[in-house]
Amino acid sequence: MPTPYRVPPPIEPDPYAEAWKTVRRSRRVTWFTFLGWVPVGGLIMATVTRLFGDGAAPFVAMLMGAWLLFTVLSLMKAQCPRCAKPLLRTRTYGNPLSRKCLHCGLAIGTAKADA
Ligand SMILES: [Zn+2]
């Protein structure tokens with residue numbers, strides 16, 4: 001049985017790496033939703049229209065719009081690991097395409113050692 005002092009302490013995840021991972025995942029989902037709007041949405045609309053008639057198409061369009069809005073709002077909620085403020089928006093301005101924090105200027109993906 002190993003003695004306690006030989007057990008390595010658990011390595012805590014780097015908060016910067018975790019924050020950037022969350023931002024990248026959220027940004028990827030938003031882009032796939034946005035770019036998939038026409039091909040995937042068209043396929044879904046055609047299928048739903050064929051199955052349920054023309055009355056179901058606006059409902060599906062609203063659901064797809066709500067999903068896109070949800071993904072963009074999730075991306076805009078991301079926080080900067082350095083200043084802990086919203087990464088991609090200020091009180092009066094928001095830019096989901098920004099590559100740096102709109103408050104402190106920290107570039108997305110910067111390692112903790114370089115920040
Ligand atoms: Zn910041």
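**Exercise 1. Tyr16**

Is Tyr16 buried, partly exposed or exposed, going by its C-beta neighbours inside 10 Å?

*Solution.* Before starting, keep in mind that this is a predicted model.

Step 1. Place the residue: Tyr16 belongs to helix 1.

Step 2. Count its surroundings. There are 19 C-beta neighbours inside 10 Å of Tyr16. A residue is called buried at 20 or more and exposed at 12 or fewer, so Tyr16 counts as partly exposed.

Step 3. Look for a partner far along the chain. Tyr16 and Ala111 are 95 residues apart along the chain, yet their C-alpha atoms are separated by 6.6 Å.

**Exercise 2. The overall fold**

Describe the secondary structure and the spread of the protein.

*Solution.* Step 1. List the elements: the protein has three helices and zero strands. In sequence order the pattern reads α-α-α.

Step 2. Compare the radius of gyration with the globule rule. The value is 21 Å, well over the 13 Å that the rule gives for 115 residues, so the protein is more spread out than a compact globule.

Step 3. Check the outer dimensions. Along the principal axes, the C-alpha atoms fill a box of roughly 70 × 50 × 20 Å.

Step 4. Turn to burial and contacts. Buried residues account for 9% of the 115 residues. Of the contacts between residues at least 6 apart in sequence, 41% join residues at least 24 apart.

**Exercise 3. Helix 1 against helix 3**

Work out how helix 1 and helix 3 are oriented to each other, and which residues make their contact.

*Solution.* Step 1. Recall what is needed. Two packed helices are described by the angle between their axes and the distance between the axes.

Step 2. Read off both values: helix 1 (residues 15-35) packs with helix 3 at an angle of about 155 degrees, and the axes are 9 Å apart.

Step 3. Classify the angle. Angles over 145 degrees count as roughly antiparallel, and helix 1 and helix 3 are therefore roughly antiparallel to each other.

Step 4. Add the handedness: helix 1 passes helix 3 in a left-handed crossing.

Step 5. Name the residues. Helix 1 contributes Ser26, Arg27, Val29, Thr30, Thr33 and Phe34, while helix 3 contributes Trp67, Leu68, Thr71, Val72, Ser74 and Leu75. Sorted by class, this contact of helix 1 with helix 3 has six nonpolar, five polar and one charged residues.

**Exercise 4. Helix 2 against helix 3**

Repeat the analysis for helix 2 and helix 3, then follow Val60 through the contact.

*Solution.* Step 1. Start with the geometry: helix 2 (residues 39-52) and helix 3 (residues 57-76) pack at about 150 degrees, with axes 9 Å apart. This angle makes helix 2 roughly antiparallel to helix 3.

Step 2. Determine the handedness. The crossing of helix 2 past helix 3 is right-handed.

Step 3. Assign the contact residues. From helix 2, Gly41, Ile44, Met45, Val48 and Thr49 meet Ala57, Val60 and Met64 in helix 3. The contact of helix 2 with helix 3 divides into six nonpolar, two polar and no charged residues.

Step 4. Zoom in on one residue. Val60 lies in helix 3, and leaving out residues up to four places away in sequence, Val60 touches Ile44, Met45 and Val48. The C-alpha atoms of Val60 and Val48 are 7.9 Å apart, with their positions 12 residues apart in sequence numbering.

Step 5. Judge its exposure: Val60 is partly exposed, with 16 other C-beta atoms within 10 Å.

**Exercise 5. Residues outside the helices**

Locate Asp14, Ala84 and Asp114, and give the exposure of each.

*Solution.* Step 1. Take Asp14, which sits in the segment before helix 1. With 14 C-beta neighbours inside 10 Å, Asp14 counts as partly exposed. Asp14 and Arg28 are 14 residues apart in sequence and 21 Å apart in space, C-alpha to C-alpha.

Step 2. Move to Ala84, in the segment after helix 3. Its count of 11 C-beta neighbours inside 10 Å makes Ala84 exposed. Check its backbone too: phi of Ala84 is near 60 degrees, a positive value in a residue other than glycine.

Step 3. Finish with Asp114, also in the segment after helix 3. Asp114 is exposed, with 9 other C-beta atoms within 10 Å. From Asp114 to Tyr5 the C-alpha distance is 32 Å, and the two are 109 residues apart in sequence.

Notes
Residues numbered from 1 in each chain as written. Predicted model: local features only at pLDDT ≥ 70, side-chain atom pairs only at ≥ 80, totals over all residues. Helix = DSSP H or I, 4+ residues; strand = E, 2+ residues; numbered from the N terminus. Rg over C-alpha atoms; globule rule 2.2 N^0.38 Å. Contact = placed C-beta atoms within 7 Å. Axes fitted to C-alpha atoms, helices over the stretch in contact; angles between N-to-C directions. Parallel < 35°, antiparallel > 145°, perpendicular 65-115°, else oblique. Left-handed = near helix turned anticlockwise from the far one by under 90°. Nonpolar A, V, L, I, M, F, W, Y, C, P; charged D, E, K, R; others polar.
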